[in-house]
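Biologist: Could you take me through this model step by step? I would like to start with the ligand and then turn to the chains.

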Amino acid sequence: MYSEKVMDHFANPRNTGVIENPSGEGTVGNPTCGDLMTIYITVNDENVITDIKFKTFGCGAAIATSSMITEMAIGKTIDEALKISRNDVAEELDGLPPVKMHCSNLAADALTKAIENYQEKQANA
Amino acid sequence: MYMDNSATTPVNPEVLKEMEPFYKEEFGNASTLYSLGRESKKALNLARERVANLINAEPEEIKFTSGGTESDNWAIKGIAFQKRNKGKHIITSVIEHPAVKNTCKWLEKLGYEITYLPIQENGIINIEDLKKAIRDDTILISIMHANNEIGTIQPITEIGKIAKENNIIFHVDAVQSVGKIPLDVKKSNIDLLSISSHKIYGPKGIGALYIKKGVRPEVLIHGGGQENNQRSGTENIPGIAGFGKACQIANDNLEENTRKLTKIRNKIIKGVLSQVDEAYLNGDPEKRLPNNVNFRFSAIEGESLVLMLDAKGIEASTGSACSSQSLEPSYVLTSLGLEPVNVHGSLRLSLGVENTLEDADKVINDIINVVNTLRSMSPLWNS
Amino acid sequence: MYMDNSATTPVNPEVLKEMEPFYKEEFGNASTLYSLGRESKKALNLARERVANLINAEPEEIKFTSGGTESDNWAIKGIAFQKRNKGKHIITSVIEHPAVKNTCKWLEKLGYEITYLPIQENGIINIEDLKKAIRDDTILISIMHANNEIGTIQPITEIGKIAKENNIIFHVDAVQSVGKIPLDVKKSNIDLLSISSHKIYGPKGIGALYIKKGVRPEVLIHGGGQENNQRSGTENIPGIAGFGKACQIANDNLEENTRKLTKIRNKIIKGVLSQVDEAYLNGDPEKRLPNNVNFRFSAIEGESLVLMLDAKGIEASTGSACSSQSLEPSYVLTSLGLEPVNVHGSLRLSLGVENTLEDADKVINDIINVVNTLRSMSPLWNS
Ligand SMILES: Cc1ncc(COP(=O)(O)O)c(C=O)c1O
Ligand SMILES: Cc1ncc(COP(=O)(O)O)c(C=O)c1O
Ligand code: FES
Ligand code: FES
């Protein structure tokens, strides 16, 4: 059902866990099947994501897309990271079954939310 | 370590041996005149006897079908069509297999009324609910013997008695129970009973409908008049021979297998419930199939659970929404009163005759590890 | 010498080899999450492609069933139910297989009107009759490709054109023709087409219904949603894999087999007609399956003919009343205009890929002998 790359990220997820006092964090729930994902980011003075971690309650695809997006986002500026689309994540994983595409949406949305949370904090600081 | 025997079983080597001659030398059509067809005819009769023996029926009460799904369709549509002038009300339960459930849904479109009996917290219907549901125009009660997800066993003998008293046809989907727990169609007053071969180490694509003498559901598949004019189509002799053999083997080993599987099952249940936090058993602890275990674990999702167990060499299944094509959680588990989020973390292990007590140790350990791993990345788990 | 391949065929050893892994190691359910089910899934897809290739369909237009009979039932009942608001008139022919005929008879009980087109002396329908039979409320034309008894081939491409022009669904029972003569569902404008595996050296108990994209017959067997929600039931993977292989082999050898069988067939026909008095060929001499021979001999009876040939090692069949359970002569042969007494002496030889030109010599000789023996004791024979 899943590509080898999905299975790799699922079996050996990168960057799991929590960042204490993150620059931003975003949690999204999945209305389709009721899953949950949180992404934490640390952003430096040049607006580059220097650390990223995730926690996910969801299927194999949800875990793999969470892991994948952390790898795709780390080292990028927040502007670059915001451009990572839902499809980019799926593509980077060599595709997802159609019924699982919404799980990659979850990952992209969680990252966006974490960045927005960082931007809000900056604006309020 | 295969623990998904409720989905399907491997074919027993003895069963395969029984089938082989009918592919090659003895391939003749059972209804031909010449001698080549004679062995096929004999095999057909022998298999009919063997299936009948397993459920205490008469051989001529066994009609071969393409599987449990067709048997369920035939029984329910057959009675619905046959009795349409007597009434259009059917009673079933909320936890029937889709083969029953979706057949009933289709009949609703045709103007039939279906009562779906609820289940209690333990997964078993309340007999009082059944009694109250019966109406003058009730033509059929269709209740499964054992559930495919949670393994709970329904009181079919009590139901059969009530059906008989009310002169209502009683159909039992026994696909999961046949060959695993005792079953006696006479004692339980069953009129129609569905069986599938590939759940008891027989080949796929074959099953049977037991039809009590005198009961005559409308034919579902018309044609050349095979199966005493009730189910047409050239007989699948290798499949039928294998199915018969599987029934005989199941019958011969019923008690021993029950004893063995119950031990393994109880060991797994005890081991996991005592060592994993927030782990629960779905379904009734006693009134359940000897080979069925169904857990739920909070804060984790079943598809990932199954995939991680697969990586450790264990095949299992789940009722999680994420694992279904429709992204809906198991209706059997939600019927138990579970919230969708709790259905998420469900895990079914269905044991087979090849499993051992050592397998139980391994699976307990692997479950502990996998649950811990998944919880460590779950935002819902705070420890 | 097996010459009853229209009844059923032996399984090709290569087909059996294709099936074997799926009984034991790769027995997993195709719809499971874990890796064990993956090979089953792959086998399912490969078989779907192979069946599709044989008839120039798309793989997703192939739905697996339990055989030709189920396919015929599904196609006809499925359209009858789906289109019941558009109309209740169906056109078929008098020589359809019982799977079609008895399905139509059942629909008559439900209020459908069926036109049974007659056949001409050569066993083929008259296209003008078809045109005249079409009405505003005609929802389905179901005409077989090649007949199972007399092997005559109907002009399905002409029929398909007429069906299309009149916006009527066209179903073809191609159980006897598939893999034996060219068949192109696109070219012939076919909407639904029935196939059976055990007539082309595949296993029994498996078949397919081709359903053209966009056509949606009502479901016959409801349940777990297999076959894209159109035909439920745990997939019979060994059967499906074997069926697919059989289709591929038939496809690869179609021309060669046709050439070879036509030669053997013509040799038998010529040999018998030239050496036996009052021997006739039933059906069309040209527009017939390369593997079908159907004689009639005056003054003798078919069952005894078949039994005597069996004693000489030849398996064949007959349309004689005496050989049927109902003691009625073949309706296919009486539809040709034959008197029951002439149907009595009918003999069908249906050749298989294993037959040779030497077999033709033997069968000619044996027929001559057996016919002579039987006539020598027949009160109807004066020589
Ligand atoms: C309770 C129950 N009924 C019916 C079926 C359908 O049987 P089959 O897969 O043989 O069509 C199954 C298994 O899938 C089942 O578990
Ligand atoms: C023309 C025709 N249609 C349908 C069938 C039924 O096929 P099956 O035996 O696979 O059910 C047969 C063979 O018996 C046949 O010859
Ligand atoms: S998280 Fe539910 S399907 Fe992926
Ligand atoms: S002569 Fe015996 S059945 Fe016809």
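Modeller: What follows is a set of questions and answers on this predicted model.

Biologist: Which chains supply the residues that surround ligand 1, and why is the site called shared?

Modeller: Look at the chain letters of the closest residues. Thr69(B), Asp173(B), Ser196(B) and Lys199(B) are among them, and so is Thr234(C). Residues of more than one chain surround the ligand, so the site is shared between chains B and C.

Biologist: How many residues of each class make up the shell around ligand 1?

Modeller: The shell holds 15 residues in total. Sorted by class, they are 3 charged, 2 nonpolar and 10 polar.

Biologist: Which helix gives the largest share of that shell?

Modeller: Start from the 15 residues that surround ligand 1. Of these, 3 come from one helix of chain B, and that is the largest share. The helix spans residues 68-82 and is helix 3.

Biologist: How far is an oxygen atom of ligand 1 from an N or O atom in the side chain of Ser196(B)?

Modeller: A polar contact needs N or O atoms within 3.5 Å. The side chain of Gln176(B) meets that with a distance of 2.7 Å to a ligand oxygen. A polar side-chain atom of His198(B) lies 3.0 Å from an oxygen of the ligand. For Ser196(B), the distance is 2.5 Å.

Biologist: What percentage of the area of ligand 1 does the protein bury?

Modeller: Take the ligand alone first. It then exposes 390 Å². With the protein in place, the buried part of that is 94%.

Biologist: Now the chains. How much area do chain C and chain B bury between them?

Modeller: Each chain brings 61 residues to the contact. Carbon and sulfur atoms carry 64% of the buried area. The area itself is about 4700 Å².

Biologist: Which three residues supply more than any other three of the area that chain C buries against chain B?

Modeller: Together these three supply 15% of the area on the chain C side. They are Tyr23(C), Tyr34(C) and His222(C).

Biologist: Which residue of chain B forms a salt bridge with Lys109(C)?

Modeller: Across this interface there are 2 salt bridges, along with 26 residue pairs in polar contact. In the salt bridge of Lys109(C), the closest N and O atoms are 3.4 Å apart. The partner is Glu218(B).

Biologist: Which helix of chain C gives the most to the side that touches chain B?

Modeller: Several helices supply at least two residues each, including helix 1 (13-19) and helix 8 (237-252). The one that gives the most supplies 6 residues. That is helix 4.

Definitions and conventions. Residues are numbered from 1 along each chain as its sequence is written. Chains are lettered from A and ligands numbered from 1 in the order in which they are written. This is a predicted model: local features need pLDDT of at least 70, side-chain atom pairs count only at pLDDT 80 or more; totals for chains, interfaces and linings use all residues. Side-chain values use heavy atoms; hydrogens and water are left out. A residue is near a molecule or strand if one of its heavy atoms lies within 4 Å of it. A polar contact is a pair of N or O atoms within 3.5 Å; within protein, one must be able to donate a hydrogen and the other to accept it, and residues adjacent in sequence count only if both atoms are side-chain atoms. Accessible areas come from the Shrake-Rupley method with a 1.4 Å probe; for residues, only the protein chains shown count as cover. Helices (H or I, at least four residues) and strands (E, at least two) are DSSP runs, numbered from the N terminus. Ala, Val, Leu, Ile, Met, Phe, Trp, Tyr, Cys and Pro count as nonpolar, Asp, Glu, Lys and Arg as charged, and the others, Gly among them, as polar. Contact means heavy atoms within 4.5 Å. Buried area is the accessible area (1.4 Å probe) that two parts lose on being put together, summed over both. A salt bridge is a side-chain nitrogen of Lys or Arg within 4 Å of a carboxyl oxygen of Asp or Glu.
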